[in-house]
Each structure stands twice: as structure tokens, then as C-alpha cells.
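Let's take a walk through this protein together, going from the overall picture to individual residues. Please have the viewer open as you read.

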Amino acid sequence: GRLVTGVLIFQALCIVPMMMMLPVLAGEQSDLLSFGLVLLRALAVVVGVGLASRLVVPPLMAAVARDTPREVFLLAVLAVGGIVAWLVSLTGLSFALGAFLAGVVLAETQFRHQAMADVLPLRAVMMCVFFVGIGMLMDRQILTAAPLLVLAISLAMGVGKAVVAAGAFVVLRFPVPTAALAAASLAQVGEFSLVLAGAAREVGLLSEVEERAFLAAAVLTIAVTPLVAARAPEAVQGSRALRAVTRLLDGDAPPMVDIPVPDAAHVIVAGLGVGGRSVVEALEEVGIPVTLIELNPDTVAAERRRGRRVVYGDILSEEVLHAAGLRSARAVVITISNFDAAHTAALHITQHRFDVPVLLRTRFASDEGALRAEGLDVVSEEFAGAVTMAGLVLRRLGVEGWDRVVEEQLEAHAQLGPDDEGHLGPPPARMAAKGLSKPRS
């Protein structure tokens, strides 16, 4: 998600020099002086946006937020957007690009979160209007008049952009699966390209037929990309070709096997996010050996420098699991953020070691029962947050034995079956055994 967002912002900012280069490309300004003026204008826009985001807009928004109703704050946000868009349009750029730069200006202020909250309801409406406008750009006649041209442009832009993006991510040492997923989400034509195409048509760089074919291809890529992105995780997880490419491209990455498996029974932890690090630190605190599985080469190198045993690779790979010492593992903890991949890996592990506890996390407590029915140990983020909050409240209130209450909740929750709804209290059978009645909801 961060990779895709970063590329989208970068490609939007690239429209500034592209728009200013159109007259040069069209031959209207061919001398070196004109080219230098184009660069100076682009630099002036960037510097102006930077100065506005630091010197002008923050004190203005502070004055508005101090002693005015909330409605006035929203009007001020819209006014900043309109004024910046108008000023940018004076340089020859479009209002759309100016509005985008206005958002960049507001993002640099301390009021960005409130501004975003106020604008969000409008965003949904404006996005609907925007995509209605995108759909109206579709010329069905060009699809029948020049179908091969539209198809060629669509493939060149969609596939070409995805390949370039994936290659850039791999060069920047992101894992190949991550690069593939991000590239699949970037295959569509950027929205500002529609503005660029219109400007290119005005200066004669595109003919009418070429512009119509480009717009049709752009609409097709925008429509198809969400479908491709939705299928991408499943395709990436099951792709042997991508795993082969990973091994080929990561020749300089840490090898999978270079540290022997501990003699003592160890715990395998896959994923080193916040949850994974917490588990590792807790196990190390009580002296239990830990083997880590991680797909990020930089993280692998950093953890090895700390003296930890780390196996580089994908937990879905049998070779990686063998290298991590699954046969002698005491338990496996999967904390990777992709739940589908974690679930697949957990079921794969239980097929090789049905006797080893496999713990993974899910988002909702209502999913825990079904996962436990598959023989998995599971913790939901929803329940973990709730029980932590309950313990904190009891502790803040000075209740004695608050830790025992939390421990009982954890124990009861661990016994939920597939038909239970992930509630905090103990199941009805255990409550009846204690002589307790179920409280009314």
C-alpha cells in the first residue's frame, strides 16, 4: 500500500514538468532558452508550493481554527484548494493539478487530519462524479473503428507500466512478491494522463483519433486493474515462477541455510512486525530458542547482526520450512500481515507436523472458532485489543487481582468452539459449572 501510494504521488508530480515540456516537444519552443524557461517555471511551482505549505497556509489555518465554527474551517480548506489551484493554473498547468498541489500544501500542516475528516464526505461524492466523467470519455465508436490500436495502447500502458514498476521495486531491494503485488495495482493509466492527453491534443502532438484511442485505452485499464489486483495475491502465492525469479534475483541476499538448527526445541516465528517482535522478545526473555523466517533481506541482515537465527525465504516454501527446522520445532507463530498467506501456510505446516501448535492472528474474533476447528491456535486483533483494554481499566481502578481476571478471560476465550461468537466471557457450559448465569446483552 505504501509503495503504490508513493508511486501515485510521484507520477502525479511528474505531470508538472511534462505539461510544461509539451510546447517544446511540439516544436513551438525549440531553442535552449525556452527549454530553460520551462525548467524554471516547473521549479517555481515546486518552490511556491513548498513556501506556501510552510509560511502561508499554517498561520492562516491556525487563525481560522482558533475562534471560528467548524463550518468555517471547512470553507477555509476549500478556499485554500481553490486559490492554490487558480494560482497554479496561471503558470499554464491545469486546475486539476493545482487542486492536487493544494492537497500537498494542506498535508504539510498540523491541521491535515481535521481537514481530511471534513473533506472525506465530499470525497465520496466527488469520486463518484469523477468516475462518471471517466466513463463518459469512453468512445464506443473508436472500439469498432480501431480495436487493435486501442488494445495495443492498453497492453503497452498496462503491462509496460506494471513491468517497469516491478523492476524498479526489485532494484530497490523489495521482495519479488511485494513488487509483483504493487505492480499489479499500478497497471492503470494515471488520472492526470487524461489532462496531459488533452493538452497534447491542443498543441498537435496527438491527432483526434489517437486521443480518442488513448482515452478509451485509459478507461479500459482503469476498469481492469481492480480486477487484476484482486486476483494478484492468490496468483503470487501460488506462482512457482515468481519463487524462481526470487531465488534468481536475490543472489546477493542472505542464503536460506547458513546457521544450524538449535539442539533444543525451538519456536519458529514468521514475520517481524510489531507482533512478531513482541513474541520473539517474550520467548527470549524466558530462554526459549527462536528461529525467524523473514522475506526482507535487509531485516534478515539486521537481525543476524543482533545474533538471532534467521532463515531468509517464504514460509509457504517447503525448503524454507525445512531450513527453519520444522521437524524439531516446538511451535510455529505466524505474524505476517497477509492473512490469506498466513492461513495457507498454517494449513501447510499442519500437514507436515500435525502435532506442532500453529498460532496465527486474524482481525475479527468471530473468525476464531472456525480456525480452531481446523486445528489452529488463533488470536484476533479485536479480542486482543478488547482484553487489553479491560485489564487496563481494572488496573486503573485499583482492582486487586485484575491480572487474574484477564488470565481467566484469555483461558475461557481459548476454549471457544466453531459455533461460538468470539465473546469475552466463558462459554455457557463452563458458566453453568461455576453456578453463573449468562448476562443479558
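The paragraphs below go from confidence and overall make-up to a pocket, an aromatic pair and a few single residues.

What you see is a predicted model, in which local features need a pLDDT of at least 70 and side-chain atom pairs count only at pLDDT 80 or more, while totals for chains, interfaces and linings use all residues. Residues are numbered from 1 along each chain as its sequence is written, and side-chain values use heavy atoms, with hydrogens and water left out.

Let's begin with confidence. The predictor's confidence in each residue is its pLDDT, on a scale from 0 to 100. The protein averages 78, and 85% of the residues score at least 70. Helices (H or I, at least four residues) and strands (E, at least two) are DSSP runs, numbered from the N terminus. Among these elements, strand β1 (residues 266–270) has the highest mean pLDDT, 91, and helix α20 (residues 428–433) the lowest, 40. Over residues 421–441 the pLDDT is below 50, and this stretch has 22 contacts in the model beyond near neighbours in sequence; a contact means heavy atoms within 4.5 Å. Where pLDDT is low, the predicted coordinates should not be read in detail.

Now for the overall make-up. The protein has 20 helices and six strands. Of its 441 residues, 38% count as buried, where buried means under 20% relative accessible area, exposed over 50%, and partly exposed in between (1.4 Å probe, protein chains only). Among contacts between residues at least 6 apart in sequence, 60% join residues at least 24 apart.

The largest pocket is a good next stop. Its volume is about 2100 Å³. On a 1 Å grid over the protein atoms alone, a pocket is an open set of points with protein on both sides within 12 Å along at least five of seven lines, where a 1.4 Å probe fits; a cavity is a set where the probe fits but cannot get out, and lining residues have an atom within 4 Å of a point. Grid points are joined across faces, edges and corners, and the volume is the space filled by probe spheres set on the points. The largest pocket is lined by 48 residues, of which Ala-99, Phe-100, Arg-123, Met-127 and Phe-192 are the closest to its centre. The elements giving two or more residues to this lining are α1 (2–13), α2 (15–25), α4 (70–89), α5, α6 (112–136), α10 and α11 (208–237). Helix α6 gives the most, with 11 residues.

What is the lining of the largest pocket made of, in terms of nonpolar, polar and charged residues? It divides into 34 nonpolar, 10 polar and four charged residues. Here Ala, Val, Leu, Ile, Met, Phe, Trp, Tyr, Cys and Pro count as nonpolar, Asp, Glu, Lys and Arg as charged, and the others, Gly among them, as polar.

A search of the whole structure finds one aromatic pair. Its partners are Phe-100 and Phe-192, set edge-to-face at 5.7 Å centre to centre with 70° between the planes. Phe-100 lies in helix α5 (residues 95–107) and Phe-192 in helix α10 (residues 192–202), so the pair ties together parts that are 92 residues apart in sequence. Rings of Phe, Tyr and Trp (its six-membered ring) pair if their centres lie within 6.5 Å, and planes under 30 degrees apart count as stacked, over 60 as edge-to-face and the rest as tilted. Phe-100 is partly exposed at 22% relative accessibility, whereas Phe-192 is buried at 17%.

Helix α2, one of the lining elements, is mostly covered, with eight of its 11 residues buried. Among them are Ile-15, Met-19 and Leu-22. After α2 comes Gly-27, with a positive phi near 85°.

Helix α11 holds both Ala-230 and Ala-232. Ala-230 is exposed at 59% relative accessibility, whereas Ala-232 is buried at 10%. Leaving aside neighbours within four places in sequence, Ala-232 is in contact with Leu-181 and Ala-184.

To finish, look at two more buried residues. Val-49, in helix α3 (residues 32–67), is buried at 13% relative accessibility and touches Leu-101, Val-104 and Val-105, not counting residues up to four places away in sequence. His-348, in helix α16 (residues 339–352), is buried at 16%; on that same basis, His-348 touches Leu-316, Glu-318 and Leu-321.
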